[in-house]
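Here are some short exercises to work through with the sequence and the model side by side. Try each task before you read its solution.

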Amino acid sequence: MRPIVRVLTLLAWIVLIPTLVSAQAVIAGTVKDSSGAVLPGVTVEATSPALIEKVRTAVSDGTGQYRVEDLRPGLYTVTYTLQGFNTFKREGIELTGSFTATINAELTVAALERDVIAPARELRARHPDVAMLLLECSA
């Protein structure tokens with residue numbers, strides 16, 4: 001009886017170990033803007049010390065959905081970037097086994113910034129109040 005138990009135990013380990021070793025987690029979700037519209041083309045980066053390459057990247061599709069697959073168990077940070085929008089970051093995502101973490105993101109529109117370059121002499125002549133304001137800000 002004992003040899004049969006040993007053989008069955010050994011067979012169970014042979015079957016289970018590859019399954020446990022190959023267990024890979026997934027981070028998936030949908031990216032939208034603040035109005036609720038889906039955002040295609042968002043770069044999604046999952047970073048973790050558990051990854052050999054340290055970062056795994058995906059891009060959201062036409063329906064705003066993304067999927068980062070084959071992730072090892074560990075702690076992850078997910079960063080969402082799209083030109084014209086503020087970067088969104090979610091930290092402390094813990095993945096175990098073959099778990100699928102659903103992480104949805106909402107990106108907000110970035111503030112429009114513009115540099116204006118004008119010769120100081122021309123600026124003072126045409127807009128003395130603006131020239132004084134700029135001088136006060138730069139001091």
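Helices (H or I, at least four residues) and strands (E, at least two) are taken as DSSP runs and numbered from the N terminus. The model is predicted, so local features need pLDDT of at least 70 and side-chain atom pairs count only at pLDDT 80 or more, while totals for chains, interfaces and linings use all residues. Residues are numbered from 1 along each chain as its sequence is written, and side-chain values use heavy atoms, with hydrogens and water left out.

**Exercise 1. Take stock of the chain.**
Work out how many helices and strands the chain has, and in which order they run.

Solution. Start with the count: there are three helices and eight strands. Next, read the elements from the N terminus on, which gives α-β-β-β-β-β-β-β-β-α-α. For burial, call a residue buried under 20% relative accessible area, exposed over 50%, and partly exposed in between (1.4 Å probe, protein chains only). By that rule, 24% of the 139 residues of the chain are buried. Finally, take a contact as heavy atoms within 4.5 Å. Among the contacts with a separation of 6 or more, 53% come from residues 24 or more positions apart.

**Exercise 2. Trace the open sheet.**
Find the order of the strands in the four-stranded open sheet, and say which strands stand at its edges.

Solution. Two strands pair if DSSP finds at least two bridges between them. Following the pairs gives the order 3-2-5-6, with antiparallel pairing. Strand 3 and strand 6 are at the edges; each has a single partner strand, so one side of each lacks a neighbour in the sheet. The twist from one strand to the next averages 20°, where axes are lines fitted to C-alpha atoms (for helices over the stretch in contact) and angles run from 0 to 180 degrees between N-to-C directions.

Now zoom in on one pair. Strand 5 (residues 74-81) and strand 6 (residues 88-95) run antiparallel and are joined by six bridges. Tyr 76 has Ile 93 as its bridge partner in strand 6, and Tyr 80 has Phe 88. The two strands make a hairpin with six residues between them, and Gly 84 in the turn has a positive phi of about 95°.

**Exercise 3. Look into the core.**
Which residues of the largest nonpolar core touch the most other members?

Solution. A nonpolar core is a set of buried Ala, Val, Leu, Ile, Met, Phe, Trp, Tyr and Cys residues joined through side-chain atoms within 4.5 Å. The largest one has 22 residues, and those touching the most other members are Ile 27, Val 31, Tyr 66, Tyr 76, Tyr 80, Ile 93 and Leu 95. At least two core residues come from each of strand 1 (25-33), strand 2 (43-47), strand 4 (65-71), strand 5, strand 6 and strand 8 (105-107). Val 31 makes a good example: leaving out residues up to four places away in sequence, its contacts include Val 38, Leu 39, Tyr 66, Tyr 80, Ala 105 and Leu 107.

**Exercise 4. Follow the rings.**
Identify the aromatic pairs and the geometry of each.

Solution. Rings of Phe, Tyr and Trp (its six-membered ring) pair if their centres lie within 6.5 Å; planes under 30 degrees apart are stacked, over 60 edge-to-face, and the rest tilted. Two pairs turn up. Tyr 66 and Tyr 80 are edge-to-face, at 5.6 Å centre to centre with 75° between the planes. Tyr 66 is in strand 4 and Tyr 80 in strand 5, so this pair ties together parts 14 residues apart in sequence. Tyr 80 and Phe 88 are tilted, at 5.7 Å centre to centre with 50° between the planes. Put together, Tyr 66, Tyr 80 and Phe 88 form one aromatic cluster. As for burial, Tyr 66 is buried at 5% relative accessibility and Tyr 80 at 0%, whereas Phe 88 is partly exposed at 22%.

**Exercise 5. Visit a loop and check phi.**
Is Ser 48 buried or exposed, and which residues is Ser 48 in contact with beyond four places in sequence?

Solution. Ser 48 sits in the loop between strand 2 and strand 3 (55-59) and is buried, with a relative accessible area of 4%. Its contacts beyond four places are Lys 54, Leu 75 and Tyr 76. Lys 54 belongs to that loop too and is partly exposed at 47%.

Now the backbone: most residues other than glycine have a negative phi. Lys 54, not a glycine, has a positive phi of about 70°. Asp 70 in strand 4 also has a positive phi, near 55°, and is partly exposed at 48%.
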